[in-house]
Each structure stands twice: as C-alpha cells, then as structure tokens.
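Grab a viewer and a pencil: here are a few exercises to work through on one chain. Try each task yourself before reading the solution.

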Amino acid sequence: MGRAFEFRKARKFKRWGQMAKTFTKIGKDIVIAVKAGGGDPTSNSRLRAIIQNAKAVNMPKENVERAIKRATSKDQEDYKEIVYEGYAQHGIAILVETTTDNINRTVANIRSSFTKCGGSLGTTGMLDFIFTRKSVFKIAPKPEIDLEELEFELIDLGGDEVFLDEETNQINIYGEFTAFGGIQKFLEERGYELMGADFERIPDETKELSDAQVADVEKLIERLEEDDDVQNVYHNMG
C-alpha cells in the first residue's frame with residue numbers, strides 16, 4: 001500500500017457533500033467537458049468518464065442529458081477553472097479547485113472564508129511543492145482480476161498504484177495526471193467496469209494535528225465546500 005492509499009484512508013472531510021451539491025459539481029464538469037470536446041460521449045472520453053461519475057452517485061439521466069444540451073447552447077456561459085491556495089490554522093496547506101462564471105465573486109468568497117477561519121489566502125503556485133495531481137479510476141472488482149498483474153500492466157501507461165478499497169469494494173487505480181486518457185482507454189478496451197474517474201491532488205507529506213486543531217481546520221474546509229463555486233478542497237492534514 002502506498003502514499004495515495006494512506007492519504008485516502010486518512011482524509012477527515014467530506015469529498016462530495018450533499019447530493020444537490022454533487023449534482024451541481026458534475027453538471028459543471030459536463031459543461032466544461034462538452035465545451036472542450038463536444039457533446040458526443042463516444043468521441044469525448046472525458047465526458048464518458050463524467051457520465052460514469054454521475055451514474056455512481058445516482059444522478060438522474062435527464063439531469064445529465066440536460067447538462068449536455070445546455071453546454072452545447074450558445075447561451076451557456078463558459079466556466080473558468082481556477083485553483084486557489086492558502087494556509088489554514090496550524091500551518092495546514094489548503095488547495096481549492098473552483099469552477100466559476102464570476103471570478104470576482106469567487107475570489108471574494110474564498111478570501112473571506114480563509115480570513116474568517118483564521119487562515120490566509122496565498123498566491124498561485126505556492127503549494128506546488130506540497131501536492132501532486134493524480135488520475136484516479138475506480139473499477140468493479142472481479143474474482144479473476146489479479147491486482148499485481150493489473151498494476152504491472154499499467155506501469156508503462158503511467159499507473160502508480162492499484163488496490164482494493166474495502167470500504168467501497170472498488171478497485172482504485174492511481175496514475176500520473178497526464179496518463180488519464182491512456183489509462184481510461186486501457187480499462188475500456190479490456191472490458192473493466194468503470195465506476196468513476198477523476199483527478200485528485202495528493203500531498204507528498206501530511207501533518208499530524210491534535211483533535212482540537214483538526215476541528216479548527218475542518219471549520220475552514222466545511223465553509224469552503226459549502227460554496228457553490230468550489231468543486232474540491234484538498235489539504236495535507238494527516
């Protein structure tokens with residue numbers, strides 16, 4: 001078991017949040033994917049992966065179709081993907097991925113959250129040395145799947161780790177950020193049942209805190225995750 005596995009097990013905040021927030025997040029992902037590669041899932045691999053994510057959280061099919069239709073409309077404003085970086089209390093690094101149609105609103109809200117929770121918003125790139133961006137895939141387990149063999153096959157494609165997450169009963173595959181397309185193609189061609197695909201930012205090292213200190217940091221994380229413009233929040237809290 002490697003660093004990605006240990007980080008996943010150690011995280012102490014909600015990844016997806018409430019269902020409505022989850023659907024909004026996926027809806028924005030769909031718009032961005034369609035704007036970049038078109039509305040046909042058969043020719044847009046990123047869109048295929050996002051649709052699978054939607055299925056995994058039971059997002060209604062009509063919601064997905066509506067998001068795709070909206071994305072192809074000329075009236076749909078473009079979303080901008082912006083990453084904000086800063087520090088929470090007790091020296092914990094916080095990285096916030098946002099998708100917004102109003103940058104001024106988003107940065108004001110993010111800065112306010114950091115300030116009110118005792119943290120400070122920093123400059124772009126200041127946390128590049130702390131987090132590594134990874135491709136993450138989840139596939140359904142089968143008795144005939146040899147995890148070591150699968151990991152070996154994926155090495156040349158940029159795969160890092162393959163392990164069974166016993167909590168979700170899914171096989172997790174971590175790989176280099178740039179390997180997303182290659183790993184997705186490999187899994188689809190081999191007939192693996194893809195349960196989800198996304199990107200994560202993994203801290204190279206984590207910092208241990210007391211329970212009281214963790215509670216301080218979680219106040220900021222929860223406040224950020226409640227913001228409609230926020231897609232994901234990452235930290236290096238152990």
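The exercises below deal with a predicted model, and each one comes with a worked solution.

**Exercise 1. Classify the ring pair Phe163 and Tyr174, and place both residues in the chain.**

Solution. A pair of aromatic rings is described by the distance of the centres and the angle of the planes.
- Step 1: the rings of Phe163 and Tyr174 are 5.9 Å apart, centre to centre, with 15° between the planes.
- Step 2: planes under 30 degrees apart count as stacked, so the pair of Phe163 and Tyr174 is stacked.
- Step 3: Phe163 sits in strand β5 (residues 159–165) and Tyr174 in strand β6 (residues 170–176), eleven residues apart.
- Step 4: check the surroundings, and you'll find both Phe163 and Tyr174 buried.

**Exercise 2. Do likewise for Phe177 and Phe199, then work out which of these residues is buried and which is partly exposed.**

Solution.
- Step 1: here the centres are 5.0 Å apart and the planes make 55°, which gives a tilted pair.
- Step 2: Phe177 lies in the loop between β6 and α7 (180–189), while Phe199 belongs to strand β7 (residues 194–203), 22 residues apart.
- Step 3: the cut-off for buried is under 20% relative accessible area. Phe199 comes out at 14%, so Phe199 is buried.
- Step 4: Phe177 has a relative accessible area of 34%, so Phe177 counts as partly exposed.
- Step 5: now widen the view. Phe177 and Phe199 join Phe137 and Phe180 in one aromatic cluster. The charged end of Arg133 also sits over the ring of Phe199, 5.0 Å from its centre.

**Exercise 3. Find out where Gln184 is placed and what Gln184 touches beyond its sequence neighbours.**

Solution.
- Step 1: Gln184 is in helix α7.
- Step 2: its relative accessibility is 1%, so Gln184 counts as buried.
- Step 3: leaving out residues up to four places away in sequence, Gln184 touches Ser45, Arg46, Arg48, Ala49 and Phe137. Phe137 is also one of the residues in the aromatic cluster of Exercise 2.

**Exercise 4. Give the strand order of the open four-stranded sheet, and say which helix packs on the sheet against β2 and β8.**

Solution.
- Step 1: the order reads β3-β1-β2-β8, and the pairing is antiparallel.
- Step 2: β3 (120–121) and β8 (230–235) each pair on one side only, which makes them the edge strands.
- Step 3: zoom in on β2 (residues 93–100) and β8, an antiparallel pair with five bridges. Leu95 stands opposite Tyr234 in β8.
- Step 4: the helix you want is α8 (residues 211–225), which touches β2 and β8 and has a direction about 160° from that of β8.

**Exercise 5. Dissect the largest nonpolar core.**

Solution.
- Step 1: this core has 18 residues, and Ile94, Val96, Val217 and Leu224 have the most contacts inside it.
- Step 2: β2, α5 (103–116), α8 and β8 give two or more residues each. α8 gives the most, with five residues.
- Step 3: don't mix it up with another core that lies apart from it, with 17 residues, among them Phe137, Ile171, Phe186 and Leu187.

**Exercise 6. Is Asp229 buried or exposed?**

Solution.
- Step 1: Asp229 is in the loop between α8 and β8.
- Step 2: its relative accessible area is 5%, so Asp229 is buried.
- Step 3: not counting residues up to four places away in sequence, Asp229 touches Lys28, Glu97, Thr98, Thr99, Thr100, Arg105 and Thr106.

Technical notes:
Residues are numbered from 1 along each chain as its sequence is written. This is a predicted model: local features need pLDDT of at least 70, side-chain atom pairs count only at pLDDT 80 or more; totals for chains, interfaces and linings use all residues. Side-chain values use heavy atoms; hydrogens and water are left out. Rings of Phe, Tyr and Trp (its six-membered ring) pair if their centres lie within 6.5 Å; planes under 30 degrees apart count as stacked, over 60 as edge-to-face and the rest as tilted. Buried means under 20% relative accessible area, exposed over 50%, partly exposed in between (1.4 Å probe, protein chains only). A charge sits over a ring if NZ of Lys or CZ of Arg is within 6 Å of the ring centre and within 35 degrees of the ring normal. Contact means heavy atoms within 4.5 Å. Two strands pair if DSSP finds at least two bridges between them. Axes are lines fitted to C-alpha atoms, for helices over the stretch in contact, and angles run from 0 to 180 degrees between N-to-C directions. A nonpolar core is a set of buried Ala, Val, Leu, Ile, Met, Phe, Trp, Tyr and Cys residues joined through side-chain atoms within 4.5 Å.
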